[in-house]
Amino acid sequence: MNGGLIFEIAKSLLLARWKQSLVAAVGVTFGITMFIGLLGFMTGLNDLLDGLIINRTAHVRLFNEIKPNENQPVNISSEFADSYNFIQSVKSVGERERIYNSGAILQALKSDERVLGIAPKISAQVFFNEGSIDITGVVNGIDVMAESKLFHFDDYVIAGNSADIAIVTNSIILGKGLAEKLLANIGDVIQLTTIQQVRVPLKVVGIFQSGIQEFDKVQSYASISTVQKITGQPNNYITEIQVKLKDIGQAPAMAKVYAQLFQTEAEDIQTANSQFETGSFVRSLISYAVGITLLIVAGFGIYNILNMLIYEKMDSIAILKATGFSGTDVNRIFMVIALSIGLLGGGLGLIFGFLLSALIDQIPFNTAALPTITTYPVNYSPVFYIIGVTFSIITTYLAGWAPANKASKVDPVVIIRGK
Amino acid sequence: MSKTITLQADRINKHFHDPVNIHVLKDITFSIYSGEFVSVIGKSGCGKSTLLYILSTMDTDYEGNLIIGGETMRNKTDRQLARVRNEKIGFVFQFHYLLSEFTVLENVMLPGLKLGKLSEEQVREDALDKLDQLGIKKLAHKAANQISGGEKQRVSIARALINNPSIIMCDEPTGNLDKANSKIVFDIFKQLSAEMHQTILVVTHDPEFAEKTDRVIEMEDGRIIRQ
């Protein structure tokens, strides 16, 4: 009832003090703008940093660790089942590094519906020869198509063409740091020695930069068959299978299943990179804390201005009550004022927040560590906008509640007689 | 013609508790009949304003009974009392108390819009009628804080009339006005009483004003000594 009239009165009171109302609204606008700008930027940065890891890391990694056999023969033997066995000088089994029956495992993974894609891999320790100096390094044998599709390998190749390692025989992509050490450019032929003491010449077809310098100083990539050839292994030799899932959240559970099923080690991304999740979480937490603090400060601004408005408009409130407006009506009038300030300020805040995000998005951000990034990363997720506007309404509601309540309790007798 | 009672006060007692207990109103009992023009006079501090605020339902902290239009005002909620003030009582205060954010016309219309019985258009027409009746129609679209004191008081009379209340209550309506304006305001009341049979209750300390009304209730030290 009387909704229109209450809005009308609220509007008049609001416009009568439009400067203060504007200041209050600007407070909310500022709060929301910073909230959205800050969270968009922070989340953008988080996504970027997570992406550094998550984009390049398998959700589940199947491999074999070099370690001693857990079931030593003497323990399996029934003859000694009741005795306590001391075994000394247990040795690790080197042969275990390869994944047995890799062909069947790859088949099984390909037919699994939860799997987005798989990329087999071989790692081989080598020495790169630069004159008389040997530089230790790692050659990764990869399926470059699968690697590019699943782990954005392409993005990190800063010179040359990643697909060339599959086409050009005996070719290699060097890490940037490694290439600098070897004074190698695209087209050059470098020499490397495998741990089996075989010396192999390989042609450099690309340079890659991962963003992690230590990594770039030792890593290099070649096709799977090249690595199998230089290490003298058969063509079913694979040391690692990288699995990318459709739902990353399933990784820990699936890693357990795979470990059992395929009799290999299986490591999920959450376990391998738990520190990144913690980092993201803390950064988000700080952004939310700062954003919400800003909104609460804005809320106090509204509270002050409404309080002032009520003191100024004591007479008007008294006369409204004397002529038949109830306490509830007066309360509603002031709540409408508070919420209008909140909605106006919040709405403008959304627009300015978007503009601020767009502005941050334009600021150049060039860093050697991140070759694909040229401006600051910003996340435009609508979630922040929804949280922002919801929170602005909640704060203004709470800020308006006490003053509106006070206004509704104004005793007209005191005011009218007090003059 | 038998007279109907518009407002009846039945043994109304009022105490102020702060800072010390003072018995302000003592057994106030009287009735105001429909169409009467009544004034309450008394010296400053005799409790006449306090009585008015009780009669106007704005002050609910009293003992005894108040009956307006046959309905007791006891045990009514804040909302119900607001409704009574809106519908049955028109107010004119010593200080005009118009809402300065609104125009004259809007000020007059507000209680009518609040009542919500008529459409906005009809309320507007009524308001213009009342302003015309009081000779201030030309001020209708001026801001409420741009007109003179006498004019403001006439606007507040128009506002008091907008819902055709059963009674108009006035607190020192001429207390803040010069002679000429006081006369205008008094004449308006007189005319309302005579022509429209409007029930009017005026609290004043001006004996001259009181004498010209139909009936005078005189108070002293919280009691009615003459009515």
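Colleague: Is helix α1 (residues 48–55) of chain B largely enclosed or exposed, and how many of its residues are buried?
Modeller: This is a predicted model, and within it the buried residues of α1(B) are K48(B), S49(B), T50(B), L51(B), L52(B), Y53(B), I54(B) and L55(B). The helix is followed by T57(B), whose phi is positive, near 70°. Because the whole of α1(B) is buried in this way, the helix is largely enclosed by the rest of the structure, the count being eight of the eight residues.

Colleague: In what order do the six strands of the open sheet in chain B stand?
Modeller: The edges of the sheet are β6 (89–92) and β10 (223–226) of chain B, each of which pairs on one side only. Between neighbouring strands there is an average turn of 25°, with direction ignored. The pairing in this open sheet is mixed, and the order is β6-β7-β8-β3-β9-β10 (chain B).

Colleague: Which strand pairs with β8(B) in the parallel sense and has S39(B) opposite V202(B)?
Modeller: Strand β8 (residues 199–204) of chain B pairs in the parallel sense with β7 (residues 167–171) of chain B over five bridges, and there I168(B) stands opposite I200(B). The residue that stands opposite V202(B) of β8(B) is S39(B). S39(B) falls within residues 37–42, which pair with β8(B) in the parallel sense over five bridges, and that strand is β3(B).

Colleague: Which residue of β9(B) is the bridge partner of I41(B)?
Modeller: Strand β9 (residues 215–220) of chain B pairs with β3(B) in the parallel sense, over five bridges. Within β9(B), the partner of I41(B) is E218(B).

Colleague: How many residues of β8(B) are buried?
Modeller: On one side of the strand T199(B), L201(B) and V203(B) are buried, and on the other side I200(B), V202(B) and T204(B) are buried, which leaves both faces covered. The strand is accordingly described as mostly covered, with a count of six of its six residues.

Colleague: What is the handedness of the β-α-β unit that β8(B) makes with β7(B) and a helix?
Modeller: The helix of this unit is α6 (residues 179–196) of chain B. Another helix, α5 (residues 149–161) of chain B, lies across β6 and β7 of chain B and runs at about 170° to β6(B). For the unit made by β7(B), α6(B) and β8(B), the handedness is right-handed.

Colleague: Which class gives ten residues to the side of chain A that touches chain B?
Modeller: In the contact between the chains, 21 residues of chain A meet 23 residues of chain B. The elements giving two or more residues to the chain A side are α1 (3–16), α13 (314–322), α14 (327–362) and α16 (412–418) of chain A. By class, that side has eight polar and three charged residues, and the class with ten is nonpolar.

Colleague: Why does E240(A) count as buried?
Modeller: E240(A) is found in strand β9 (residues 240–245) of chain A, and, leaving aside residues up to four places away in sequence, E240(A) touches R61(A), L62(A), F63(A), K121(A) and S123(A). E97(A) is 143 residues away from E240(A) in sequence, yet the two are 8.8 Å apart in space, C-alpha to C-alpha. A residue is buried if 20 or more other C-beta atoms lie within 10 Å of its own. E240(A) therefore counts as buried, since its number of C-beta neighbours inside 10 Å is 23.

Key. Residues are numbered from 1 along each chain as its sequence is written. Chains are lettered from A and ligands numbered from 1 in the order in which they are written. This is a predicted model: local features need pLDDT of at least 70, side-chain atom pairs count only at pLDDT 80 or more; totals for chains, interfaces and linings use all residues. A residue is buried if 20 or more other C-beta atoms lie within 10 Å of its own, exposed if 12 or fewer, and partly exposed in between; C-beta atoms are placed from the backbone. Helices (H or I, at least four residues) and strands (E, at least two) are DSSP runs, numbered from the N terminus. Two strands pair if DSSP finds at least two bridges between them. A crossover is right-handed if, with the strands pointing away from the viewer, the path from the first strand over the helix to the second runs clockwise. Two residues are in contact if their C-beta atoms, placed from the backbone, lie within 7 Å. Ala, Val, Leu, Ile, Met, Phe, Trp, Tyr, Cys and Pro count as nonpolar, Asp, Glu, Lys and Arg as charged, and the others, Gly among them, as polar. Axes are lines fitted to C-alpha atoms, for helices over the stretch in contact, and angles run from 0 to 180 degrees between N-to-C directions.
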